[in-house]
Amino acid sequence: MTHVALTIAGSEATGGAGAQTDIKTFHQLGTFGTAALTCIVSFDPANDWGHRFVPVDPQVIRDQIEASTAVHDVDTVKIGMLGTPATIETVAASLAERSFANVVLDPVLICKGQEPGAALDTDNALKEQILPLATYVTPNHFETLALSGMEEITTVEQLTEAARRIHDRYDVIVLAKGGVVLDGEDAVDVFYDGEQVVELRAPKIGEERVSGAGCTLAAAVTAELAKGATPLEAARAAKDVVTSSIEHRQGGHAPFEAVYQGAYGR
Ligand code: PXL
């Protein structure tokens, strides 16, 4: 039987991020992908590609998670964008009702197009209700600052300190992403599981962020864990998947490009 991976995430219609990215990554890594949608994001070409955001009704989110977990034996789940405190409460309750071996959280804290006030509520709800249920978290530079409480992260040493703090505060495995934000030739991520600190490096491909890289990393970790990889093996494989997906990125009419997972392993 093919291992199943479930994502609980938002739809991003252009296929560059969110649940679409997760499903593509799951498939590319040989898992059977399933998705419960939490919100619908539609970029607005007439408004600087801002995010038009519509939450999915909480009951419908519950129904989707129920359907997916009733059909399949799911032990590994990825949490992507949740978007509102109501959605967070619903997903937290659905997670708590079941026992997943692996809950990989991509702590998407803010999204362009959301009210700043609402975003603060959402951030707090995510920290209070979802993080305690997560086993593995993949924060980007901004999210690492927010979750660690550090004032600045400009070096790999600081990124490592932040990963330690997040692990100690929330008792989760941490894969903290330096991305293009830290200076230097390499894109550095730091893995910390409470015992070992491992720096994962790959030469930077340009200095621009590519849409969907973070979603792809967390989804690849999820797929690898679903197949039985150790947390560190999953992190290493995920780094390779992201590097390949950025190398094979897809341009379009928007001012940003999007990852493409389809070349990995071919
Ligand atoms: O990359 C973060 C992200 C996650 N999920 C959804 C998104 C985005 C960014 O656009 O739209 C649904």
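**Entry 1: Thr25 and its helix**

I started with Thr25, which I found in helix α1. I'm working from a predicted model, so I keep that in mind throughout. Is Thr25 buried or exposed? Thr25 is buried, since its relative accessible area is 0% and buried means under 20%. I then looked up what Thr25 touches beyond residues up to four places away in sequence, and I got Thr216, Ala219, Ala220, Val241 and Gln261.

Next I listed the buried residues of α1, which runs over residues 18-28. They are Gly18, Ala19, Thr21, Asp22, Thr25, Phe26 and Gln28. What do they pack against? I noted β1 (4-12), β2 (32-44), β4, α7 (213-226) and α8 (231-247). I also reminded myself that residues three or four places apart in an α-helix point the same way, because there are 3.6 residues a turn.

After α1 comes Gly30, and I wrote down its phi as positive, near 80°.

**Entry 2: α1 against α7**

I looked at how α1 sits on α7. Their axes are 9 Å apart, and the two helices pack at an angle of about 40°. That makes α1 and α7 oblique to each other. The crossing of α1 past α7 is right-handed.

Which residues meet here? On the α1 side I have Gly18, Thr21, Asp22, Thr25 and Phe26. On the α7 side I have Cys215, Thr216, Ala219, Ala220, Thr222 and Ala223. Sorted by class, the contact of α1 with α7 has five nonpolar residues, five polar ones and one charged.

**Entry 3: Lys78**

I moved on to Lys78, which is in strand β4 (residues 76-79). Buried or exposed? I found Lys78 buried, with a relative accessible area of 1%. What does its side chain make a polar contact with? The partner is the side chain of Asp22, at 2.8 Å. I had already met Asp22 among the buried residues of α1.

I also checked the wider surroundings of Lys78, leaving aside neighbours within four places in sequence. Besides Asp22, Lys78 is in contact with Leu6, Thr7, Ile8, Phe26, Val104, Asp106, Cys215, Ala218, Ala219 and Thr222. Some names came up again from Entry 2: Phe26 in α1, and Cys215, Ala219 and Thr222 in α7.

**Entry 4: two more helix pairs**

I took α2 and α3 next. Helix α2 covers residues 58-71, and its axis lies 9 Å from that of α3, at an angle of about 25°. So α2 is roughly parallel to α3, as angles under 35 degrees count that way. I noted the crossing of α2 past α3 as right-handed. The contact uses Pro58, Ile61, Arg62 and Ile65 from α2, with Thr87, Thr90, Val91 and Ser94 from α3. By class, I have four nonpolar residues, three polar and one charged in the contact of α2 with α3.

Then I turned to α5 (residues 141-148) and α6 (residues 156-170). Their axes come within 9 Å and cross at roughly 50°, so α5 and α6 are oblique to each other. Which way does α5 pass α6? I have it down as a left-handed crossing. From α5, the contact takes Thr144, Leu147 and Ser148. From α6, it takes Leu159, Ala162, Arg165, Ile166, Arg169 and Tyr170. The classes in the contact of α5 with α6 are five nonpolar, two polar and two charged.

**Entry 5: some loop residues**

I finished in the loops. Asp48 is in the loop between β2 and β3 (50-55), and I checked its backbone: phi is near 55°, a positive value in a residue other than glycine. Asp48 counts as exposed, at 64% relative accessibility.

Trp49 is in the loop between β2 and β3 too. Its phi is near 60°, positive in a residue other than glycine. I put Trp49 down as partly exposed, at 22% relative accessibility.

Where is Ala101? I found it in the loop between α3 (85-97) and β5 (102-105). Ala101 counts as partly exposed, at 47% relative accessibility. Leaving aside neighbours within four places in sequence, Ala101 is in contact with Asp75 and Thr135. I also looked up how far Ala101 is from Ala226: they are 125 residues apart in sequence and 9.2 Å apart in space, C-alpha to C-alpha.

Technical notes. Residues are numbered from 1 along each chain as its sequence is written. This is a predicted model: local features need pLDDT of at least 70, side-chain atom pairs count only at pLDDT 80 or more; totals for chains, interfaces and linings use all residues. Side-chain values use heavy atoms; hydrogens and water are left out. Axes are lines fitted to C-alpha atoms, for helices over the stretch in contact, and angles run from 0 to 180 degrees between N-to-C directions. Helices (H or I, at least four residues) and strands (E, at least two) are DSSP runs, numbered from the N terminus. Angles under 35 degrees count as roughly parallel, over 145 as roughly antiparallel, 65 to 115 as roughly perpendicular and the rest as oblique. A crossing is left-handed if the near helix is turned anticlockwise from the far one by less than a right angle, and right-handed if clockwise. Contact means heavy atoms within 4.5 Å. Ala, Val, Leu, Ile, Met, Phe, Trp, Tyr, Cys and Pro count as nonpolar, Asp, Glu, Lys and Arg as charged, and the others, Gly among them, as polar. Buried means under 20% relative accessible area, exposed over 50%, partly exposed in between (1.4 Å probe, protein chains only). A polar contact is a pair of N or O atoms within 3.5 Å; within protein, one must be able to donate a hydrogen and the other to accept it, and residues adjacent in sequence count only if both atoms are side-chain atoms.
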